[in-house]
Amino acid sequence: MKIAVLGSTGQTGRLVIARALERGHDVTALARRPEQVEVPTTGNLRVVRADVTVPGSVAAAVEGADVVVSALGITKKQDPAILVEGARQIASAAPHVIWLTSLGMGATEGALGSLGGALLKRVLRHEWEAKDVSGRLVRDAGGTTVHAGPLTDKPHQDNGRLIRIEDFKPRMIPPTAPRAGIAALMVAEAETPHFADSDTIALFGSR
């Protein structure tokens, strides 16, 4: 399978690349700064310069890919429009998109209860609307959104799963998610889609 990875230089994006290569896929890493992509000694990895702020560059980079897995994120100093434009470009150019986003935002607003939701909105107000719009763009194009709680660097115990948002009971304390586990779930969904045109939540362990 040919998998393109958006947000390939971030902590989670690097793990998505590693997981996809481990599974034997042909991987294309999209990066604004290709020199920052960690190139492994084994596996079929191609690094392509692509920038969501440059019209057409993302569409050209994902041409021929079976699926795009996005771990695209922004800092407080970056324009949140990057998220929206990134979603818009890959949703129109790729046959299928799996898009990582935050639990409690977008389609999962309210998942952390009224108090937790209010606190989250206050902390992440910079990107609040952009997360909602970008998620809807992906889902409306037939893609899958993966909503995750706070990401950690804990080892992945192979105990993760995706559930539909209607199967999640709101809780004030968000469940954490290991980055390696998120990478494994997204690659697994790329290989065998179970949640096309759906918003999902990533859970780990018995929670």
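**View 1. Pairing of strands E6 and E10 in the predicted model.** In this predicted model, strand E6 (residues 144–148) and strand E10 (residues 198–204) are paired in the parallel sense, with 4 bridges between them. Two of the partners in E10 can be named from the E6 side: Thr 144 is bridged to Ser 198, and Thr 145 has Asp 199 as its bridge partner. Strand E6 also has a partnership with E5, to which it is joined by 5 bridges, these two strands again running parallel; here Ile 98 stands opposite Thr 144 of E6.

**View 2. The two covered faces of strand E6.** Because 5 of the 5 residues of E6 are buried, this strand is largely enclosed by the rest of the structure. The burial applies to both faces, with Thr 144, Val 146 and Ala 148 on one side and Thr 145 and His 147 on the other.

**View 3. The open sheet that contains E5, E6 and E10.** The sheet is open and has 8 strands, arranged in the order E3-E2-E1-E4-E5-E6-E10-E8 with mixed pairing. Its edges are formed by strand E3 (45–49) and strand E8 (160–164), each of which pairs on one side only. On average, and with direction ignored, neighbouring strands of this sheet are turned by 25° against each other.

**View 4. Surroundings of Thr 101 in strand E5.** Thr 101 belongs to strand E5 (residues 97–102) and, with a relative accessibility of 6%, counts as buried because the cut-off for burial is under 20%. When neighbours within four places in sequence are left aside, Thr 101 is in contact with Lys 131, Thr 145, Val 146, His 147 and Ala 148.

**View 5. Helix H5 across the sheet, with Gly 135.** Helix H5 (residues 128–140) lies across E5, E6 and E10, and its direction is at about 160° to that of E5. Gly 135 is found in this helix and, at 10% relative accessibility, counts as buried. Not counting residues up to four places away in sequence, Gly 135 touches Trp 99 and Thr 145. Gly 135 and Gly 13 are separated by 122 residues in sequence and by 18 Å in space, taken from C-alpha to C-alpha.

**View 6. Packing of helix H3 against helix H5.** Helix H3 (residues 81–93) packs with H5 at an angle of about 5°, the two axes being 8 Å apart, which means that H3 is roughly parallel to H5. On the H3 side the contact is made by Leu 83, Val 84, Ala 87, Arg 88 and Ala 91, and on the H5 side by Ala 130, Lys 131, Val 133, Ser 134, Leu 137 and Val 138. Sorted by class, this contact of H3 with H5 has 8 nonpolar, 1 polar and 2 charged residues. The 13 residues of H3 reach 18 Å from the first C-alpha to the last, close to the 18 Å expected. Its buried residues are Ile 82, Leu 83, Val 84, Gly 86, Ala 87, Gln 89, Ile 90 and Ala 91, and what covers them includes strand E1 (2–6), helix H2 (57–61), strand E4 (67–70), E5 and H5.

**View 7. Helix H1 and the glycine that follows.** Helix H1 (residues 11–22) has 12 residues and reaches 17 Å between its first and last C-alpha, close to the 16 Å expected. The buried residues of H1 are Thr 12, Gly 13, Val 16, Ile 17, Ala 20 and Leu 21. Just after the helix, Gly 24 takes a positive phi of about 90°.

Methods:
Residues numbered from 1 in each chain as written. Predicted model: local features only at pLDDT ≥ 70, side-chain atom pairs only at ≥ 80, totals over all residues. Heavy atoms only, no water. Buried < 20%, exposed > 50% of the residue type's maximum accessible area, 1.4 Å probe, protein only. Contact = heavy atoms within 4.5 Å. Pairing = 2+ DSSP bridges. Axes fitted to C-alpha atoms, helices over the stretch in contact; angles between N-to-C directions. Parallel < 35°, antiparallel > 145°, perpendicular 65-115°, else oblique. Nonpolar A, V, L, I, M, F, W, Y, C, P; charged D, E, K, R; others polar. Expected span 1.5 Å × (residues − 1).
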